[in-house]
Amino acid sequence: MRLKGEIHNPCCDEEEEKVAEENGRELNSIVGVGISPPTKLVVGYALTSKKKKSFLQPKLLCLARNMGIFFIAIDLNRPLSDQGPFDVVLHKLAGKEWSEIIEDYRQKHPEVTVLDPPNAVQHLHNRQSMLQGVADLNLFDCHGRVGVPKQLIVTKDPLSIPNEVDKAGLKLPLVAKPLLVDGSAKSHELFLAYDQCSLSELEPPLVLQEFVNHGGVLFKVYIVGEAIKVVRRFSLPNISKRELEKLAGVFRFPRVSCAAASADDADLDPSIAELPERPLLENLARQLRQRLGLRLFNVDMIREHGTKDVFYVIDINYFPGYGKMPDYEHIFTDFLLSLVQSKHKKRPAT
Ligand SMILES: Nc1ncnc2c1ncn2[C@@H]1O[C@H](COP(=O)(O)OP(=O)(O)OP(=O)(O)O)[C@@H](O)[C@H]1O
Ligand SMILES: O=P(O)(O)O[C@H]1[C@H](OP(=O)(O)O)[C@@H](OP(=O)(O)O)[C@@H](O)[C@@H](O)[C@@H]1OP(=O)(O)O
Ligand SMILES: [Mg+2]
Ligand SMILES: [Mg+2]
């Protein structure tokens, strides 16, 4: 699936922006000289500069280009419909204005695959709707149980939190997470609360979630269309009863599991490190894909310490840090190509 003769192997150590721009120029010149369109795939992207840097790495751009996939930056200062034509639009930008633009484009251009539909993405911007329904998934396949930690949503009056927590029967310690996830650093500012009184120091709107001991290892399950990749990351250590009795207050904690350092090669207790069984992950991914209407996301899963197969989903992220996923460039290019193939299959034969 190569662009006939016109594209030579790019220099892979080029700055990714330059490669992307060059891709654009080269594509225009091919179209310009009227060569019959080979199998090519044009992917318009609207990403933050942070995401561009982590995702559009030269190794992805090189591989993609060799396969006839071109990444073209969407110009946010020009109407989207005047740009392209695109086969696929890849986006992750914050704000209502962008959501409206992309939804309008999606409706006017049903021939373009928009990854992913903004209303589906929106669902993950609230930590309550994000996990809604996860506990109801049909995972009765005896490879494990998947639930959500017991949680409470607090939208106002911090002084009432201790009482609300008591009424809801939530057990300490609790993880306090901002209810809304908008990509800002603030929405990733998490706290551990060790005693009930201190809970009134927190700032709603919040989700208060029971802390589940999981041996300090978390499973990040990356989903790219039909593909699934699971990695281990370091996470918060267990909190013992004794520790809980000794400690009081609310403490902010760092984004430990987001660090690029993988726990895959660490010397870990096998009962903690053992990955969830493949059929369980496949079942979970398939059902979440359908339920959420998303193709690009990851799921943070923990195993309850001392159990073999009791898992909790604690977080779901749209278009996560794929740059940290091993082999992401092959997985992603295969996924993009599969989109064209399935489109061709759907077209009636002429
Ligand atoms: N209920 C819980 N029990 C135990 N640890 C938890 C729980 N919830 C969160 N954590 C720990 O806190 C980390 C951050 O929580 P979470 O993933 O919900 O936040 P986030 O800001 O959405 O993170 P991300 O950077 O993955 O988007 C987790 O990776 C895990 O280490
Ligand atoms: O920064 P990274 O590339 O690592 O990606 C992180 C991503 O940030 P970005 O989309 O701004 O890049 C985060 O998105 P927002 O919630 O902040 O929107 C969230 O999805 C994290 O879970 C990702 O880390 P991962 O969990 O995959 O390790
Ligand atoms: Mg997370
Ligand atoms: Mg998250």
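Me: Happy to look at this predicted model with you! Which residue stands opposite His91 of β3?
Reply: Let's start from the pairing of the strands: β1 (residues 41–47) and β3 run parallel, joined over five bridges. Within this predicted model, the residue standing opposite His91 is Ala46.

Me: Nice. Through which helix does the chain cross from β3 to β4?
Reply: β3 and β4 also run parallel, with three bridges between them, and Val88 stands opposite Thr113 in β4. The chain makes a right-handed β-α-β crossover between these strands, and the helix on that path is α4 (residues 96–108).

Me: Is strand β3 largely enclosed or open?
Reply: Here we can count along residues 88–92. Four of the five residues are buried, so β3 is largely enclosed by the rest of the structure.

Me: Let's move on to Asp116. Is Asp116 buried or exposed?
Reply: Asp116 sits in the loop between β4 (113–115) and α5 (118–122). Its contacts beyond four places in sequence include His91, Val121 and Tyr318. Because its relative accessibility is 0%, and the cut-off is under 20%, Asp116 counts as buried.

Me: Which backbone nitrogen does the side chain of Asp116 reach?
Reply: Among the residues Asp116 touches are Gly293, Leu294, Arg295 and Leu296. At 2.9 Å, its side chain reaches the backbone nitrogen of Arg295.

Me: And the metals: which residue coordinates both magnesium ions, ligand 3 and ligand 4?
Reply: The magnesium ion (ligand 3) is coordinated by Asp300 and Asp315 at 1.9 to 2.2 Å. Those two come from strands β13 and β14 respectively, 15 residues apart, and both are buried. The two ions are 3.8 Å apart, and the residue coordinating both is Asp315.

Note on methods
Residues numbered from 1 in each chain as written. Chains lettered and ligands numbered in written order. Predicted model: local features only at pLDDT ≥ 70, side-chain atom pairs only at ≥ 80, totals over all residues. Heavy atoms only, no water. Donors = N, O, S within 2.8 Å, 3.2 Å for Na, K, Ca; no water. Buried < 20%, exposed > 50% of the residue type's maximum accessible area, 1.4 Å probe, protein only. Polar contact = N/O pair within 3.5 Å; in protein donor to acceptor, adjacent residues only side chain to side chain. Contact = heavy atoms within 4.5 Å. Pairing = 2+ DSSP bridges. Right-handed = clockwise from strand over helix to strand, strands pointing away.
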